[in-house]
Amino acid sequence: MLNIVQLERSPSMYPSVTSDKAILQASRTLLQEQGWTALNIRSVAAACGVSVGSIYNRFGSKSQLVAATVESIWQEIFCLPQDPGAFADLLSCVAWLFQRLEESRQTYPGFLSVHALCFSQEELDAGQRRMERSWAHIKQFLLAVLAQDPQVRPGTFHEGFSAEDFVDLLFSLLLAALLRKDAPCAPILALIRRTIY
């Protein structure tokens with residue numbers, strides 16, 4: 001909970017700048033501890049120990065701050081392990097994605113299923129663009145793992161069913177799993193085995 005004294009201090013008592021990384025870390029912490037309603041310019045400035053103007057200098061509006069926070073959470077969720085060779089095949093990659101999603105449910109309760117509902121229209125548009133950018137990276141990663149997967153049956157992909165089509169379908173299933181708290185990974189892994197191996 002924010003201390004009222006923090007909010008009442010004069011802006012001149014705050015340093016004038018802080019890093020984007022520090023601001024986004026404070027935003028994620030506020031979201032974890034207090035939920036979406038705590039995520040605003042004033043509370044983030046207080047958490048960072050900077051003036052409100054310092055936050056506005058980095059993020060021109062609450063919408064931009066919220067969108068950047070959402071993108072940073074997606075990046076945190078899907079931060080790759082130190083050993084990129086950990087994904088010898090698509091099955092291990094998808095199992096890891098599900099594990100990360102489950103861990104994120106613990107870290108950011110409600111984020112995966114309700115974050116879009118908390119946005120104003122402006123925040124929703126900016127957040128959607130940033131979210132789609134993060135998702136595009138995940139799809140590219142899935143494609144790279146698929147391209148190097150030695151278990152893929154020869155002739156699986158062709159003009160009517162490309163690797164990109166399969167990754168799009170797979171990613172749609174992952175997104176659907178985000179909305180369900182109890183979505184099991186096993187059926188998706190079974191689908192991968194039966195479809196491409």
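**Exercise 1. In this predicted model, decide whether Phe166 counts as buried or exposed, and classify the aromatic pairs that Phe166 forms with Phe157 and with Phe161.**

Solution. Begin with accessibility: the relative accessible area of Phe166 is 2%, and buried means under 20%, so Phe166 counts as buried.

Next, take the pair of Phe157 and Phe166, whose ring centres are 6.1 Å apart and whose planes make an angle of 50°. Planes under 30 degrees apart count as stacked and those over 60 as edge-to-face, with the rest as tilted, so the pair of Phe157 and Phe166 is tilted.

Then turn to Phe161 and Phe166, where the centre-to-centre separation is 6.0 Å and the angle between the planes is 80°; this pair is edge-to-face.

Finally, consider the partners of Phe166 in these pairs. Phe157 is partly exposed, with a relative accessible area of 24%, and Phe161, at 22%, also counts as partly exposed.

**Exercise 2. Which residues form one aromatic cluster together with Trp96, and which residues line the largest pocket?**

Solution. Start from the aromatic pairs, of which the structure holds five; Trp96 forms one aromatic cluster with Phe87 and Phe141.

The lining of the largest pocket, whose volume is about 180 Å³, includes Trp96 and Phe141. The lining is completed by Trp74, Gln75, Phe78, Leu80, Leu97, Ser134, His137 and Ile138.

Assign the lining to helices as the next step: α5 (62–77), α6 (90–107) and α8 (121–147) each supply at least two of its residues, and α8 gives the most, with four.

As a last step, sort the lining of the pocket by class, which yields seven nonpolar residues, three polar residues and no charged ones.

**Exercise 3. What is the make-up by class of the lining of the largest cavity, and which element gives the most to that lining?**

Solution. First establish what there is to examine: the structure holds one cavity of 30 Å³ or more, and about 60 Å³ of space lies in the largest cavity.

List the lining next, which consists of Trp74, Phe78, Leu97, Leu101, Trp135, Ile138, Phe171, Leu174, Leu175 and Leu178. The elements that give two or more of these residues are α6, α8 and α9 (163–179), and α9 gives the most, with four.

By class, the lining of the largest cavity has 10 nonpolar residues, with no polar and no charged ones.

To close, compare the two lists: Trp74, Phe78, Leu97 and Ile138 belong to the lining of the largest pocket and also to that of the largest cavity.

Conventions. Residues are numbered from 1 along each chain as its sequence is written. This is a predicted model: local features need pLDDT of at least 70, side-chain atom pairs count only at pLDDT 80 or more; totals for chains, interfaces and linings use all residues. Side-chain values use heavy atoms; hydrogens and water are left out. Rings of Phe, Tyr and Trp (its six-membered ring) pair if their centres lie within 6.5 Å; planes under 30 degrees apart count as stacked, over 60 as edge-to-face and the rest as tilted. Buried means under 20% relative accessible area, exposed over 50%, partly exposed in between (1.4 Å probe, protein chains only). On a 1 Å grid over the protein atoms alone, a cavity is a set of points where a 1.4 Å probe fits but cannot get out, and a pocket is an open set with protein on both sides within 12 Å along at least five of seven lines; lining residues have an atom within 4 Å of a point. Grid points are joined across faces, edges and corners, and a volume is the space filled by probe spheres set on the points. Ala, Val, Leu, Ile, Met, Phe, Trp, Tyr, Cys and Pro count as nonpolar, Asp, Glu, Lys and Arg as charged, and the others, Gly among them, as polar.
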